[in-house]
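Student: Please take a close look at one part of this structure with me, and then show me how that part sits within the rest of the chain.

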Amino acid sequence: MEPDVELLLDFMNTLDVENDTDVLRTVQGWQDWAGTRRLRAGTLTEARELRAALRAAVGDPDAAPVNVGAEVRIALEDGRPSLAASDVRGAVLAAAARLAILDEWPRMKICPADDCRWAFFDRSRNRSRTWCSMRVCGNREKARSWRARAAGS
């Protein structure tokens, strides 16, 4: 499960709201990202569409939900069934499908902080984690709420 989680998070976090960076701004950035994972990149438009669809599916209010698909091959290799793909779309959607089959997909979440929106995997026992990091985003939001309440008193 961990490689699937890592691939999904790496892909969804190619957009960094806090630092205003986006791997998918340029074809070269996108091809480099895919190349380091030994996957065929596909088009930049397809990558942006897939990322938006995945981010919307896990709760990003800034991403528009879109239906996407990819060719994935089901194979029996070395005595084990597997979902295989040679391009990023297929590999990312296969990872998402494996998580869904294991009922782990609901653990994929987006930090609700407007200045963060980082994708994260909720490893809490009861799946109730809200913030990507309690030390950063959660603490910052709690401090904002406290200041607002204190100012109102």
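Tutor: Happily! Helices and strands here are DSSP runs, numbered from the N terminus: a helix is a run of H or I with at least four residues, and a strand is a run of E with at least two. With that in hand, let's settle on Ser-124, in the loop between S6 and helix H5 (134-152). Bear in mind that the model is predicted, so local features need pLDDT of at least 70 and side-chain atom pairs count only at pLDDT 80 or more, while totals for chains, interfaces and linings use all residues. Residues are numbered from 1 along each chain as its sequence is written, and side-chain values use heavy atoms, with hydrogens and water left out.

Let's begin with the polar contacts of Ser-124; such a contact is a pair of N or O atoms within 3.5 Å, where within protein one must be able to donate a hydrogen and the other to accept it, and residues adjacent in sequence count only if both atoms are side-chain atoms. The side chain of Ser-124 reaches two backbone nitrogens: that of Arg-127 at 3.1 Å and that of Ser-128, also at 3.1 Å. Taking contact to mean heavy atoms within 4.5 Å, and setting aside residues up to four places away in sequence, Ser-124 touches Arg-107 and Arg-129. For a sense of distance, the C-alpha atoms of Ser-124 and Gly-152 lie 34 Å apart in space, with their positions 28 residues apart in sequence.

Arg-129 belongs to the loop between S6 and H5 too. Beyond its neighbours up to four places away, it touches Lys-109, Phe-120, Phe-121, Asp-122, Arg-123 and Ser-124. Relative accessible area under 20% is called buried, over 50% exposed, and in between partly exposed (1.4 Å probe, protein chains only). Arg-129 counts as partly exposed because its relative accessibility is 30%. Its C-alpha atom is separated by 26 Å from that of Asp-22, 107 residues away along the chain.

Two of the partners of Arg-129, Phe-120 and Phe-121, lead us inward. A nonpolar core is a set of buried Ala, Val, Leu, Ile, Met, Phe, Trp, Tyr and Cys residues joined through side-chain atoms within 4.5 Å. The largest one has 29 residues, and Leu-8, Phe-11, Trp-30, Leu-54, Val-88, Val-92 and Met-108 touch the most other members. At least two residues of this core come from each of helix H1 (2-12), helix H2 (27-36), helix H3 (44-57), helix H4 (88-101), strand S5 (108-110) and strand S6 (119-121). H4 gives the largest share, 7 residues. Apart from this core lies another, of 7 residues, which includes Cys-111, Cys-116, Phe-120 and Cys-137. Met-108 touches Phe-120 and Phe-121 as well as Leu-8, Leu-9, Met-12, Val-58 and Leu-99, not counting residues up to four places away in sequence.

Several of those partners of Met-108 bring us to H1. The buried residues of H1 are Asp-4, Val-5, Leu-7, Leu-8, Leu-9, Phe-11 and Met-12, and they pack against S1, H2, H3, H4, S5 and S6. Just past H1, Asn-13 lies in the loop leading to strand S1 (15-16). Asn-13 is classed as buried because its relative accessible area is 13%. Its contacts, leaving aside neighbours within four places in sequence, are with Arg-55, Trp-118 and Ala-119.

For contrast, consider two loop residues out at the surface. Arg-38, between H2 and H3, has a positive phi of about 55° although it is not a glycine, and it counts as exposed because its relative accessibility is 77%. Asp-78 sits between strand S3 (73-77) and strand S4 (80-84), with a positive phi near 55°, again in a residue other than glycine; it is exposed because its relative accessibility is 82%.

Finally, let's step back to the whole chain. It has 5 helices and 6 strands, in the order α-β-β-α-α-β-β-α-β-β-α along the sequence. The C-alpha trace spans about 65 × 35 × 25 Å along its principal axes. Buried residues make up 40% of the 153 in the chain. Of the contacts with a separation of 6 or more, 46% join residues 24 or more positions apart.
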